[in-house]
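Biologist: Hi! Could you pull up the model so we can walk through it together?
Modeller: Happy to, here it comes.

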Amino acid sequence: MAHLVGAAGARAAGRAPGPVRVHGALRGRRAHRGVYLTSETPAEQLLPAMRLLAGEHRVRRWFIVGNDYVWPRRTAAAALRYAVESGTQVCGQAFLPLGVHGFGDVLRRIERSEADAVLMLLVGNDAVRFNRAFAASGLDQRCLRLSTLMDENMLMASGAHATRGLFSTAGFFATLVTPENLDFHGQYAARFGVDAPQPGSLGESCYEGVLLLAALINRARTLDVRAIGSGADDVTYEGPRGAIAMRRRHARQRIYLAEADRLDFNVLTQL
């Protein structure tokens, strides 16, 4: 099992002796032979969220801020198309190096653009630092943020003062009230204790990957990549995200939109 970024997935799949799993957000191209995804896709995750924010929050102008590598750039290209489909426009883009600390220039660009919302395509601590800088600038008073990769740990690291008007879209949130998620949390607490770290969406995706890997191997009764691939579309399994079926080596799942409420996510709707 692996978490691969961009073209690395294709290279690893070509020399893997067994099935390779990619979990978390889809980064780069779709699955190659031997690669199986439980990730969300922009069409399922981003397009409906942009439509909803346009309709319910009157978002008309988007500014895209992302790290400078394949996933943010490909997602940004999709967002340009989705903006047209949702009756909005992208009024600016900025791609920043991984590990960036200074956001003064891009925050000034956002302010001058009169954007109604920022599409955040930043990872890890970069997203945390951006949230803090965004709030410190006062832009959170008039400009929303939407992220397709903001989990509970990143939210807590940002701080309650930095999460006003922050939306996230994903297939899993710790606060999601479903029988499957409640059962998952019950088992997690029983195994690790009530004071264990909260399982966020990125951590849960690792567990989801193990479930998928087990289901693929059980279906094929072998580790042979070709044998697993021949029956992959018949594989189903159940996990914290509910019942999952595979199609073209990609898990089909429910996607949700949540809004930050200080240090928690309030799940608003299924997209």
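Biologist: Let's start with the helices. Which hand does the crossing of helix 4 and helix 5 have?
Modeller: Helix 4 passes helix 5 in a right-handed crossing. Keep in mind that this is a predicted model.

Biologist: Sure. At what angle do helix 4 and helix 5 pack, and how far apart are their axes?
Modeller: The angle between helix 4 (residues 104–113) and helix 5 (residues 124–137) is about 50°, and their axes lie 11 Å apart.

Biologist: And why do you call helix 4 and helix 5 oblique?
Modeller: Angles under 35 degrees count as roughly parallel and 65 to 115 as roughly perpendicular. The angle here is about 50°, so helix 4 and helix 5 are oblique to each other.

Biologist: Which residues meet there, in helix 4 and helix 5?
Modeller: Helix 4 brings Val-106, Leu-107 and Ile-110, which meet Phe-130, Ala-133, Phe-134 and Ser-137 of helix 5. Of the residues in this contact, six are nonpolar, one is polar and none is charged.

Biologist: Nice. Switching to strands: how many bridges join strand 8 to strand 9?
Modeller: Four bridges join strand 8 (residues 236–239) to strand 9 (residues 242–247), and the two run antiparallel. They form a hairpin with two residues between them. One of the pairings is Glu-238 with Ala-243 in strand 9.

Biologist: What does strand 9 do with strand 10?
Modeller: Strand 9 pairs with strand 10 (residues 250–252) in the antiparallel sense, over three bridges. Here Ala-245 has Arg-252 in strand 10 as its bridge partner. This hairpin also has two residues between the strands, and Arg-248 takes a positive phi near 55°.

Biologist: Where does strand 11 come in, and which strand is it joined to?
Modeller: Strand 11 (residues 256–261) is joined by six bridges to strand 12 (residues 264–270), again running antiparallel. Asp-261 is partnered with Asp-264 in strand 12. The hairpin has two residues between its strands, and Arg-262 in the turn has a positive phi of about 60°.

Biologist: One last stop, Thr-38. Where is Thr-38 found?
Modeller: Thr-38 sits in the loop between strand 2 (35–37) and helix 2 (42–57).

Biologist: Is Thr-38 buried or exposed?
Modeller: Buried: the cut-off is under 20% relative accessible area, and Thr-38 counts as buried because its relative accessibility is 3%.

Biologist: And how far is Thr-38 from Ala-245?
Modeller: Their C-alpha atoms are separated by 9.9 Å, although Thr-38 and Ala-245 are 207 residues apart along the chain. Ala-245 is the residue partnered with Arg-252 that came up earlier.

Key. Residues are numbered from 1 along each chain as its sequence is written. This is a predicted model: local features need pLDDT of at least 70, side-chain atom pairs count only at pLDDT 80 or more; totals for chains, interfaces and linings use all residues. Side-chain values use heavy atoms; hydrogens and water are left out. Buried means under 20% relative accessible area, exposed over 50%, partly exposed in between (1.4 Å probe, protein chains only). Two strands pair if DSSP finds at least two bridges between them. Axes are lines fitted to C-alpha atoms, for helices over the stretch in contact, and angles run from 0 to 180 degrees between N-to-C directions. Angles under 35 degrees count as roughly parallel, over 145 as roughly antiparallel, 65 to 115 as roughly perpendicular and the rest as oblique. A crossing is left-handed if the near helix is turned anticlockwise from the far one by less than a right angle, and right-handed if clockwise. Contact means heavy atoms within 4.5 Å. Ala, Val, Leu, Ile, Met, Phe, Trp, Tyr, Cys and Pro count as nonpolar, Asp, Glu, Lys and Arg as charged, and the others, Gly among them, as polar.
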